[in-house]
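Trainee: I would like a close look at one strand in this model and at what surrounds it. Please keep to a single part and build outwards from there.

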Amino acid sequence: DFLEKILKRKIEKISLDKNPILRRELKDDKLGVLDIITELDGKEKCNIEMQLIDKNNIIERMLYYWSKMYTRQIKAGDDYNKLEKTIVILIADFNIKGLEKVEYHSTWKIIETNSVKKLILTDKFELDIIELSKIKGRENEKDQLLDWLVFLENPESERVARKMEENKNLKEAVEKLDRISEDEKMQRIIELREKAIRDEHAIYAKGLDDGVEKGAREKQIEIAKSMLKENMDIEIIIKITGLTKEEIEKLKEM
């Protein structure tokens, strides 16, 4: 239901390709990024990104992630016809520079700019951008996508409670969140992740230099050690800290 409202079309089947992961493809991608890979109707690739931290060159990052998803579909020698439509959905918890004049949800494609009709070159590319900061003050507007975005911002809001009666999918999401909140181990994971994100916010506020980068790594190692003491699964530690499996294995030996 959430994806349908973003993409503005009916989706018959949504498949999770893998569990949510914390991306670490660029050297400063550690935390503040939640990456969910899905497949739509058995073919289209869709990557949902939640960016909590305002980093430099966010649009360039999204284009990079899109290109990686698109090219991974085929190997050398494969026919280009095998390449399916690839969509990146960016949900940002901050204002994006250069997008001040667009709505909280904008859709981007490759178009021809000289003709009046603005012809689309290909349907293989789509980038949807949602800026959560822009929904403030619009909580009472009638918009089903806005229902979901308010849920992301504040699942305990009055609007969410009211809309649960109308939207069974939203109600199910709230109930699942409640079950997670009652799980003590999951609560501990959430607390550690929130601490790590707060630390990274502070790091980016100071600026990235060698000293700050070293400080960031030390904080992630500290968090990883705490999680190891609680016998948490290595895959979860990877997701929370952004450290590699090899780095965590070394910590276990210390």
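Which residue stands opposite Leu-127 in β6?

Mentor: Trp-108 stands opposite Leu-127 in β6. Before going on, note that this is a predicted model, in which local features need pLDDT of at least 70 and side-chain atom pairs count only at pLDDT 80 or more, while totals for chains, interfaces and linings use all residues. Residues are numbered from 1 along each chain as its sequence is written, and side-chain values use heavy atoms, with hydrogens and water left out.

β6 covers residues 125-131. Strands (E, at least two residues) and helices (H or I, at least four) are DSSP runs, numbered from the N terminus. Two strands pair if DSSP finds at least two bridges between them. β6 pairs with β5 in the antiparallel sense over four bridges. With β4 the pairing is parallel, over seven bridges, and there Ile-87 stands opposite Glu-126 of β6.

In a regular strand the side chains alternate between the two faces of the sheet. Phe-125, Leu-127, Ile-129 and Glu-131 point one way from β6, whereas Glu-126, Asp-128 and Ile-130 point the other way. Seven of the seven residues of β6 are buried, so the strand is largely enclosed by the rest of the structure. Buried means under 20% relative accessible area, exposed over 50% and partly exposed in between (1.4 Å probe, protein chains only).

In soluble globular proteins, nonpolar side chains tend to be buried together. A nonpolar core here is a set of buried Ala, Val, Leu, Ile, Met, Phe, Trp, Tyr and Cys residues joined through side-chain atoms within 4.5 Å. The largest has 27 residues, and Ile-89, Ile-91 and Leu-149 have the most contacts inside it. The elements that give two or more residues to this core are α1, β3 (44-51), β4 (86-92), α3 and α5 (168-181). Its largest share, six residues, comes from α3. Leu-127 of β6 is included in a second, separate core of 16 residues, along with Tyr-70, Ile-74 and Leu-99.

Ile-130 of β6 is in contact (heavy atoms within 4.5 Å) with Ile-91. Beyond four places in sequence, Ile-91 also touches other residues, including Phe-2, Ile-48 and Leu-152.

Phe-2 leads on to the aromatic rings. Rings of Phe, Tyr and Trp (its six-membered ring) pair if their centres lie within 6.5 Å; planes under 30 degrees apart count as stacked, over 60 as edge-to-face and the rest as tilted. This gives five aromatic pairs. In one of them, Phe-2 and Trp-148 are tilted, at 5.7 Å centre to centre and 40° between the planes. Phe-2 lies in α1 (residues 2-7) and Trp-148 in α3 (residues 144-153), so the pair ties together parts that are 146 residues apart in sequence. Phe-2 and Trp-148 are both buried, and with Phe-151 they form one aromatic cluster.

The loop between β5 and β6 holds Lys-118. Its phi is positive, about 50°, although Lys-118 is not a glycine. At 39% relative accessibility, Lys-118 counts as partly exposed.

As for confidence, pLDDT is the predictor's confidence in each residue, from 0 to 100. The protein averages 78, and 77% of the residues score at least 70. Over residues 18-33 the pLDDT is below 50. Residues 208-212 also stay under 50. Where pLDDT is low, the predicted coordinates should not be read in detail.
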